[in-house]
Amino acid sequence: MSDVVLQAESYGSLLFAPEVPCIVVQWHAFANSQQFRGLMNQSLEAFADQAQQYWPLGWLMDARQMSAITPADQIWLETDWNARAYAAGLRHIGIATAENIFGRIATQVYIANTVAQTHYTLDAASLPTLDEAKDWVREALG
């Protein structure tokens with residue numbers, strides 16, 4: 001079953017993978033802060049929409065083409081986006097590992113910040129391929 005494109009921008013796309021099921025944020029290039037936060041926020045809206053039909057529902061970041069995430073956006077993810085994602089019912093975040101060092105560092109920082117939180121509990125893991133990340137999310141959903 002193919003992923004359904006919900007939104008496509010030059011810097012990233014928002015997809016739905018019904019076979020998992022999960023929302024997928026797929027980065028194509030560097031996204032400035034406004035673009036990054038916009039697509040991340042839209043992924044939460046899509047999560048809420050799809051969760052009405054598919055439950056449990058996971059979330060996946062395809063970071064293979066992603067580059068750096070600014071320190072301010074890392075803090076925003078940790079203190080704002082993650083808390084809202086948890087409140088929406090999100091519990092499992094799979095990440096397809098970035099191909100470049102800046103993207104790998106960004107996702108490693110994100111995972112470390114996420115699992116260290118005490119205000120919410122999100123299970124986050126980085127996997128080498130998109131297929132492995134989808135399999136991990138599917139298994140985590142039970």
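Helices here are DSSP runs of at least four residues, numbered from the N terminus. Everything in these close-ups comes from a predicted model.

**Figure 1. A nonpolar patch on the surface, with Ile-101 as one of its members.** Let's start on the outside. Ile-101 sits in helix α3, which covers residues 101-115. Together with Phe-102, Ile-105 and Val-109, Ile-101 makes a nonpolar surface patch of about 360 Å². Is Ile-101 buried, exposed or partly exposed? Its relative accessibility is 44%, so Ile-101 counts as partly exposed, because that class runs between 20% and 50%.

**Figure 2. Inside the largest nonpolar core.** In soluble globular proteins, nonpolar side chains tend to be buried together. Here the largest such core has 34 residues, and the ones touching the most other members are Trp-27, Met-40, Trp-59, Trp-81 and Ile-93. Plenty of elements chip in: β2 (12-17), β3 (22-27), α1 (33-51), β4 (58-62), α2 (71-87), β5 (92-96) and α3 each bring at least two residues. The top contributor is α1, with 7 residues. There is also a second, separate core of 14 residues, and Leu-15, Val-20, Val-24 and Trp-136 are among them.

Zoom in on Ile-93 and look past anything up to four places away in sequence. Which residues does Ile-93 touch? The list is Trp-59, Trp-81, Tyr-110, Leu-122, Asp-123, Ala-124, Ala-125 and Trp-136.

**Figure 3. Strand β2 and its two partners, β1 and β3.** In a regular strand the side chains alternate between the two faces of the sheet. In β2, Gly-12, Leu-14 and Phe-16 are on one side, while Ser-13, Leu-15 and Ala-17 are on the other, and both faces are covered. In fact, 6 of the 6 residues of β2 are buried.

Now for the neighbours. Strand β1 (residues 4-8) runs antiparallel to β2, and 4 bridges join the two. Val-4 has Phe-16 of β2 as its bridge partner, and the hairpin from β1 to β2 goes through 3 residues. How many bridges pair β2 with β3? There are 6, again in the antiparallel sense. Leu-14 stands opposite Val-25 in β3, and 4 residues lie between β2 and β3 in their hairpin.

**Figure 4. Two cis peptide bonds, each leading into a proline.** Most residues other than glycine have a negative phi, and most peptide bonds are trans. The bond from Val-20 to Pro-21 is cis, with omega near -10°, and Pro-21 belongs to the loop between β2 and β3. Trp-55 and Pro-56 are also joined by a cis peptide bond, with omega about 0°. You'll find Pro-56 in the loop between α1 and β4.

**Figure 5. Leu-141 and its surroundings.** Leu-141 is part of helix α4. With a relative accessible area of 15%, Leu-141 counts as buried, because the cut-off for that word is under 20%. Both cis prolines from the previous view turn up here: Leu-141 is in contact with Val-20, Pro-21, Pro-56, Leu-57, Gly-58 and His-92, leaving aside neighbours within four places in sequence. Pro-71 is another story: its C-alpha atom is 30 Å from that of Leu-141, and the two are 70 residues apart along the chain.

**Figure 6. Three of the salt bridges.** Side chains of opposite charge can pair when their charged atoms come close. The structure holds 6 salt bridges. One of them joins Glu-19 and Lys-134, with the closest N and O atoms 3.3 Å apart. This pair links distant parts of the chain, since Glu-19 is in the loop between β2 and β3 and Lys-134 is in helix α4, 115 residues apart. Glu-19 is partly exposed at 26% relative accessibility, whereas Lys-134 is buried at 9%.

Another joins Arg-64 to Asp-62, at 2.7 Å between the closest N and O atoms. Arg-64 is partly exposed at 28%, but Asp-62 is buried at 2%. The third pairs Arg-84 with Asp-80 at 2.6 Å, N to O. Those two both lie in helix α2, 4 residues apart, or about one turn of the helix. Arg-84, at 34%, is partly exposed, and Asp-80, at 29%, is partly exposed too. Finally, salt bridges with shared partners tie Asp-3, Glu-19 and Lys-134 into one network.

Technical notes. Residues numbered from 1 in each chain as written. Predicted model: local features only at pLDDT ≥ 70, side-chain atom pairs only at ≥ 80, totals over all residues. Heavy atoms only, no water. Patch = residues over 30% accessible without salt bridge, like charges linked within 9 Å, V, L, I, M, F, W, Y side chains within 5 Å. Areas by Shrake-Rupley, 256 points an atom, 1.4 Å probe, with all protein chains shown as cover. Salt bridge = Lys/Arg side-chain N within 4 Å of Asp/Glu carboxyl O. Buried < 20%, exposed > 50% of the residue type's maximum accessible area, 1.4 Å probe, protein only. Core = buried A, V, L, I, M, F, W, Y, C linked by side-chain atoms within 4.5 Å. Contact = heavy atoms within 4.5 Å. Pairing = 2+ DSSP bridges.
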